[in-house]
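Reader: I am new to this structure. Please show me how to read it, one feature at a time.
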Amino acid sequence: MTATYSDAEWVLYNEAQLEQHYLADFERWLRQVLDHAGTVEDALRWMTQEERDNGWMTHSQDAERWVWKQGFLFTDRGREVVEMLKRIWRMEY
């Protein structure tokens, strides 16, 4: 089966919808943690602490991987969260 332009548009539309769904889920989770953490940085640190304890969050690719697993890496917010995680965990690259 050969994809047509309309098929490609449909796929991109669905990917964008999924990203927005995952982003909304993440923002809800972040708000829940933020109720106890006080700052976004502390909330993100708490949310990723288990990853750090398991040997992750030492390289910028780890931050990208974590956001990718949340489902919204390729969004503006995803890139923003990656940058925050890099600062939180003091990743140089």
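Author: What follows is a short walk through helices, salt bridges, packing and backbone angles. Keep in mind that this is a predicted model.

Reader: Let us begin with a helix. What span should the 14 residues of helix H2 have, and how far apart are its end C-alpha atoms?

Author: A helix gains 1.5 Å a residue, so the expected span follows from the number of residues. Helix H2 covers residues 40-53. Its 14 residues should span 20 Å. Its end C-alpha atoms are 20 Å apart, which agrees.

Reader: Where does H2 bend, and by how much?

Author: The bend is at Met47. The angle there is about 45°.

Reader: Which residues of H2 are buried?

Author: Buried means under 20% relative accessible area. In H2 that picks out Ala43, Leu44, Met47, Thr48 and Glu51. Met47 is thus in the buried set, and H2 also bends at Met47.

Reader: What follows H2?

Author: Gly55 follows H2, and its phi is positive, near 95°.

Reader: Now try the span test on H4. What do its 13 residues predict?

Author: Apply 1.5 Å a residue again. Helix H4 runs over residues 76-88, so its expected span is 18 Å. The end C-alpha atoms lie 18 Å apart, and the two values agree.

Reader: Which residues are buried in H4?

Author: The buried residues of H4 are Arg77, Gly78, Val81, Val82, Met84, Leu85, Lys86 and Ile88. Note the charged names in that list, Arg77 and Lys86.

Reader: On to charges. How many salt bridges does the structure hold?

Author: Side chains of opposite charge can pair when their charged atoms come close. This structure holds eight salt bridges. One of them joins Arg45 and Asp42, with N to O at 2.6 Å.

Reader: Why are Arg45 and Asp42 separated by about one helical turn?

Author: Because they are three residues apart in helix H2.

Reader: Are Arg45 and Asp42 buried or exposed?

Author: Neither. Arg45 has a relative accessible area of 27%, so it is partly exposed. Asp42 is also at 27% and counts as partly exposed.

Reader: Which residue forms a salt bridge with Arg65?

Author: Arg65 pairs with Glu51, and the closest N and O atoms are 3.0 Å apart. This pair links distant parts of the chain. Arg65 sits in helix H3, residues 60-70, while Glu51 sits in helix H2, 14 residues apart. Glu51 has 15% relative accessibility, so it counts as buried. Arg65, at 24%, counts as partly exposed.

Reader: What salt bridge does Lys69 form?

Author: Lys69 forms one with Glu51, with the closest N and O atoms 3.3 Å apart. Here too distant parts of the chain are linked: Lys69 in helix H3 and Glu51 in helix H2, 18 residues apart. Lys69 is at 43% relative accessibility, so it counts as partly exposed.

Reader: Which residues are linked in a network of salt bridges?

Author: Glu27, Arg77 and Glu80 are linked that way. Arg77 is also among the buried residues of H4.

Reader: Next, packing. At what angle do H3 and H4 pack?

Author: The angle is about 140°, and the axes are 9 Å apart. Angles over 145 degrees would count as roughly antiparallel. H3 and H4 are therefore oblique to each other.

Reader: Is the crossing of H3 and H4 left-handed or right-handed?

Author: H3 passes H4 in a right-handed crossing.

Reader: What separates His21 and Trp46?

Author: Look at both sequence and space. His21 and Trp46 are 25 residues apart along the chain, and their C-alpha atoms are separated by 22 Å. His21 lies in helix H1, residues 5-37. At 43% relative accessibility, His21 counts as partly exposed.

Reader: Last, backbone angles. What is the phi of Met57?

Author: Met57 has a positive phi of about 65°, although it is not a glycine. Met57 is in the loop between H2 and H3. Its relative accessibility is 0%, so Met57 counts as buried.

Reader: Where is Arg90, and what is its phi?

Author: Arg90 is in the segment after H4. Its phi is positive, near 55°, and Arg90 is a residue other than glycine. Arg90 has 73% relative accessibility, so it counts as exposed.

Technical notes:
Residues numbered from 1 in each chain as written. Predicted model: local features only at pLDDT ≥ 70, side-chain atom pairs only at ≥ 80, totals over all residues. Heavy atoms only, no water. Helix = DSSP H or I, 4+ residues; strand = E, 2+ residues; numbered from the N terminus. Expected span 1.5 Å × (residues − 1). Bend = angle between axes of the 7 residues up to and from the residue. Buried < 20%, exposed > 50% of the residue type's maximum accessible area, 1.4 Å probe, protein only. Salt bridge = Lys/Arg side-chain N within 4 Å of Asp/Glu carboxyl O. Axes fitted to C-alpha atoms, helices over the stretch in contact; angles between N-to-C directions. Parallel < 35°, antiparallel > 145°, perpendicular 65-115°, else oblique. Left-handed = near helix turned anticlockwise from the far one by under 90°.
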